[in-house]
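Student: I would like a close look at a single part of this model. Please take one feature and work through it in a connected way.

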Amino acid sequence: HLSPAPADAPQTVPLLDRLPFDKRVALVAISVEDHYVRIRTTKGEEMILLRLADAIREVGPTPGAQVHRSHWAAFDQVTSAIRDGDRAVLQMTSGGDIPVSRRHIPTLKEAGLLPR
C-alpha cells in the first residue's frame, strides 16, 4: 500500500513522479548537464537521464518557461530577475541562479518578471 503524496506536492506534475518521494514538492527549475537533467524542487535536486524537452513536457500546469537552451524555471519560484545587458539572471528560491538568454527576455517581460 503506497502512502499518499505530501500535501504540498502538485498532483498533476508527471515529472515529479520520477523523483524520490521526499523531493516531490514544488518544482523550482530544470537544467541540462550532459545527457541528464537536474530537477530542482524546494526540497532538493535529482539528476535523471532525460532530455530537457521531455522534462519540460512533464511539468504539467506549473507556470514557467524555458529561459535558456539549457534551463527551464518555475515563475513562482523566482525571487528576482536582474537584467544584465541583453541577457538576464533569475535568482531562485532554492539552488543557484538561472541564466536567461536574449531570445527569452520577451517571455520574462510577458510573465511580469522584467519591465516591458
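In what order do the 5 strands form the open sheet, and is the pairing parallel or antiparallel?

Tutor: The model is a predicted one. Its 5 strands form an open sheet in the order 3-2-1-5-4, with antiparallel pairing. Strand 3 and strand 4 each have a single partner strand and stand at the edges, so one side of each lacks a neighbour in the sheet. From one strand to the next, the twist averages 20 degrees.

Take the edge at strand 3, which covers residues 44-49. Strand 2 and strand 3 run antiparallel and are joined by 6 bridges. Within this pairing, R38 stands opposite M47 of strand 3. M47 is partly exposed, as its relative accessible area is 34%. Together with Y36 and L49, M47 forms a nonpolar patch on the surface, and the accessible area of the three residues comes to about 290 Å².

Strand 2 (36-41) is preceded by a loop that links it to strand 1 (27-33), and D34 lies in that loop. D34 is exposed, with a relative accessible area of 74%. Its phi is positive, about 55 degrees, although D34 is not a glycine. Most residues other than glycine have a negative phi.

At the other edge, strand 4 spans residues 64-68 and includes H68. The relative accessible area of H68 is 18%, which is under 20%, so H68 counts as buried. Apart from neighbours within four places in sequence, H68 is in contact with P99, S101 and H104.

Conventions. Residues numbered from 1 in each chain as written. Predicted model: local features only at pLDDT ≥ 70, side-chain atom pairs only at ≥ 80, totals over all residues. Heavy atoms only, no water. Helix = DSSP H or I, 4+ residues; strand = E, 2+ residues; numbered from the N terminus. Buried < 20%, exposed > 50% of the residue type's maximum accessible area, 1.4 Å probe, protein only. Contact = heavy atoms within 4.5 Å. Patch = residues over 30% accessible without salt bridge, like charges linked within 9 Å, V, L, I, M, F, W, Y side chains within 5 Å. Areas by Shrake-Rupley, 256 points an atom, 1.4 Å probe, with all protein chains shown as cover. Salt bridge = Lys/Arg side-chain N within 4 Å of Asp/Glu carboxyl O. Pairing = 2+ DSSP bridges. Axes fitted to C-alpha atoms, helices over the stretch in contact; angles between N-to-C directions.
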